[in-house]
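Visitor: I'm new to this structure, and I'd like a close look at one part. Could you take me through the surroundings of the ligand?

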Amino acid sequence: MLKDNIFQKIIDKQIPAKIAYEDEWCVAFHDINAQAPVHVLIVPRKAIATHADLTDVDRDLVGHMHLIAVKLAKDLHLDDGYRVVVNCLDRGGQTVPHLHMHLLGGRDFHWPPG
Ligand code: 5GP
């Protein structure tokens with residue numbers, strides 16, 4: 001079922017998370033297994049399974065998620081740069097089937113990402 005995943009439970013406050021920001025569109029919280037000194041997940045309240053499921057109706061939501069990433073990067077002092085990542089489905093490394101954007105910062109990142 002689309003809503004039966006760990007991020008939906010965090011959105012619904014059924015399980016705890018270290019919340020960094022929330023509003024009517026999305027919830028942002030610190031990753032439980034941080035891959036960088038700053039690792040925040042920006043998660044829409046709307047149940048969208050993956051990046052490939054986005055459609056025209058989600059245009060404002062996607063823009064909003066990016067602007068929240070910019071705000072959090074400022075709030076969390078990532079002034080020298082950061083990385084924003086969306087993993088999509090199996091080959092993209094997605095493990096939680098609810099769309100989310102990773103905001104990573106506080107260290108150097110390399111390319112290609114592997
Ligand atoms: P994905 O691999 O789907 O792009 O990213 C899922 C992320 O969710 C991973 O970085 C993982 O550490 C994080 N995660 C999984 N379960 C939990 C949880 O219960 N709480 C928090 N805060 N993060 C989680």
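Guide: Sorted by type, the residues of the shell around the ligand come out as seven nonpolar, nine polar and one charged. Keep in mind that this is a predicted model. In total, 17 residues surround the ligand, and the closest are Asp31, Asn87, Thr95, His100 and His102.

Now for some contacts. His102 reaches in with its side chain: an N or O atom there sits 2.8 Å from an oxygen atom of the ligand. The backbone joins in too, with a polar backbone atom of Gly93 lying 3.0 Å from an oxygen atom of the ligand. Over at His30, a backbone N or O atom is 2.9 Å from a nitrogen atom of the ligand. As for cover, the ligand taken alone exposes 520 Å², and the protein buries 83% of that.

Which elements give two or more residues to this shell? They are helix H1 (6-11), strand S2 (26-30) and strand S3 (38-44). H1 gives the most, with three residues.

While you're looking at H1 and S2, check out their rings. A search of the whole structure finds one aromatic pair: Phe7 and Phe29 meet edge-to-face, 5.4 Å centre to centre, with 75 degrees between the planes. This pair links distant parts of the chain, since Phe7 is in helix H1 and Phe29 in strand S2, 22 residues apart. Are these two buried or exposed? Phe7 has a relative accessible area of 7%, so it is buried. Phe29 also counts as buried, because its relative accessibility is 2% and the cut-off is under 20%.

Terms used
Residues numbered from 1 in each chain as written. Predicted model: local features only at pLDDT ≥ 70, side-chain atom pairs only at ≥ 80, totals over all residues. Heavy atoms only, no water. Near = heavy atom within 4 Å. Polar contact = N/O pair within 3.5 Å; in protein donor to acceptor, adjacent residues only side chain to side chain. Areas by Shrake-Rupley, 256 points an atom, 1.4 Å probe, with all protein chains shown as cover. Helix = DSSP H or I, 4+ residues; strand = E, 2+ residues; numbered from the N terminus. Nonpolar A, V, L, I, M, F, W, Y, C, P; charged D, E, K, R; others polar. Phe/Tyr/Trp six-rings, centres within 6.5 Å; stacked < 30°, edge-to-face > 60°. Buried < 20%, exposed > 50% of the residue type's maximum accessible area, 1.4 Å probe, protein only.
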